Amino acid sequence: MTQIKSSVFYDYGKLKSAFANSGFDVEKLGFCNFLVSFFHHFLPLRLKFQSESYIAFEKDKIQGFVTVERDERSRKRLKITKVFLEENSFDIGKLLIQYLISRYCAMGAVSYRVVVENSRQDMLSLFVDGCNFRNNAQEFIYKIKKQDLNYDENISLDGFRFYKNIKSADVCRLYNSNINSYQRHSFAKTKEQFEPYFAAGISDRTFFSYILEDEQKGKVYGYFNITTYNNIDYMLDFVLDSAFEVYFEDALHYICTCLNKRVKNWNLYVKIKTYFSNYKSFKEFCEQKGYELVKTSSILTKDYLKEIKESSLLNNAKIIFNDITPAFKTNTNS
């Protein structure tokens, strides 16, 4: 019978040995030491700060493995980041994903997301056909090498500056306003997601952000978040207001200038998401410049509940229920 267990309670040596010849890099799964992982396992969802993994096995033979983490520090949204299944283990995969969803729904999660390369038809089938995820958007990742950018000293970089927490509300407003209205429910963020991460010091990645701002008007028109696991490969996730798309190239120059101050050699990966209304402009720019298209993926989502704002009519209204059934009971003695 298939059993599912948290990786915290599974022998790490056996796990590493099982994946030794599979091409699945266990060293990059972000495991912390046992005490930290054990403590983290019992934290409520709102306090979790690292990824968690679950293993499906039969008689000590691993059949499947899945890793999940909070989606960009959201309180109730989760992202599935790694999946491994043995051959002919489609049903095991469904069981593992369903177990994970049930566990975190009980903890308060309301939405799940996974990004799958379009070439991985097996994984797309698992999530869409097997687990009822829906294909909600596309994601394109372009690679920019240091030598790909021709620096122009005459380019003005005024308006670009390091992101500060006091601008979190403005950045949140910018981000959500540029999402297509019919996709806003799945991808909208809260102000808190743009504030400093309390566990940044013990996270398995480094991240920093910049903004494009009109200081005189006090308005933010662009937000650029960069993350890295190894200080060589940097991922750029950004939003730029439609009226300021022409500043995209300037933004790349500014970011690359900052990277040059950090490390000698680097690669910049630019992530373009189709749920932003102006994504085509950035995609066309990357294609015209000849940047390498590294990956095209589908963003799959599964939502359960829609959170209701505290100020909504439903929360402010009185709710009355009066069961009048007893008034219509008949006299059984008549």
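No disulfides turn up in this predicted model: the count is 0, taking a disulfide as a pair of cysteine sulfur atoms within 2.5 Å. Two cysteines can still be placed by exposure, with buried meaning under 20% relative accessible area, exposed over 50%, and partly exposed in between (1.4 Å probe, protein chains only). C105 is partly exposed, because its relative accessible area is 30%, while C172 counts as buried because its value is 9%.

A word on the ground rules. Residues are numbered from 1 along each chain as its sequence is written. As the model is predicted, local features need pLDDT of at least 70 and side-chain atom pairs count only at pLDDT 80 or more, whereas totals for chains, interfaces and linings use all residues; side-chain values use heavy atoms, with hydrogens and water left out.

Taken as a whole, the chain holds 9 helices and 12 strands. These are DSSP runs, numbered from the N terminus, with helices (H or I) of at least four residues and strands (E) of at least two. Of the 334 residues, 45% count as buried. Contacts, meaning heavy atoms within 4.5 Å, reach a long way along the sequence: among those with a separation of 6 or more, 70% are between residues 24 or more positions apart.

Next come the charged pairs. Side chains of opposite charge can pair when their charged atoms come close. With a salt bridge defined as a side-chain nitrogen of Lys or Arg within 4 Å of a carboxyl oxygen of Asp or Glu, the count comes to 13. R161 and E213 make one of these, with their closest N and O atoms 3.3 Å apart. That pair ties together distant parts of the chain, since R161 sits in strand 7 (residues 160-162) and E213 in strand 8 (residues 206-214), 52 residues apart. The two ends fall into separate exposure classes: R161 counts as partly exposed because its relative accessible area is 25%, and E213 counts as buried because its value is 10%.

A second bridge joins the side chains of D237 and K273, at 2.9 Å from N to O. Here too, distant parts of the chain are linked, from D237 in strand 10 (residues 233-240) to K273 in strand 11 (residues 267-273), 36 residues apart. Both D237 and K273 are buried.

The bridge between E287 and K283 is a local affair, with closest N and O atoms 2.6 Å apart. Both residues belong to helix 8 (residues 279-289) and lie 4 residues apart, about one turn of the helix. E287 counts as partly exposed because its relative accessibility is 45%, and K283 as buried because its relative accessibility is 18%. Beyond single pairs, salt bridges with shared partners join R161, K167, D170, R173, E213 and E215 into one network.

Helix 5 (residues 168-177) includes L174, which counts as buried because its relative accessibility is 5%. The C-alpha atoms of L174 and Y221 are separated by 6.9 Å, though the two residues are 47 apart along the chain. Setting aside neighbours within four places in sequence, L174 is in contact with V220, Y221, G222, Y223, V239 and D241. The buried residues of helix 5 are S168, V171, C172, L174, Y175 and N176, and their packing partners are helix 6 (184-187), strand 8, strand 9 (219-228), strand 10 and strand 11.

That leaves the empty space. Rolling a probe the size of a water molecule over the atoms shows where such space is left. On a 1 Å grid over the protein atoms alone, a cavity is a set of points where a 1.4 Å probe fits but cannot get out, and lining residues have an atom within 4 Å of a point. Points are joined across faces, edges and corners, and a volume is the space filled by probe spheres set on them. The structure has 3 cavities of 30 Å³ or more.

The largest cavity holds about 80 Å³. Its lining counts 13 residues, with D71, E72, R77, F187 and K189 nearest the centre. By class (nonpolar: Ala, Val, Leu, Ile, Met, Phe, Trp, Tyr, Cys and Pro; charged: Asp, Glu, Lys and Arg; polar: the others, Gly among them), the lining of the largest cavity has 4 nonpolar, 3 polar and 6 charged residues.

The second largest cavity holds about 70 Å³. F238, V239, L240, K271, I272, K273, F276, N278, Y279 and F282 line this second cavity, and strand 10, strand 11 and helix 8 each give two or more residues to the lining. The lining of the second largest cavity divides into 7 nonpolar, 1 polar and 2 charged residues.

Note on methods
On a 1 Å grid over the protein atoms alone, a cavity is a set of points where a 1.4 Å probe fits but cannot get out, and a pocket is an open set with protein on both sides within 12 Å along at least five of seven lines; lining residues have an atom within 4 Å of a point.
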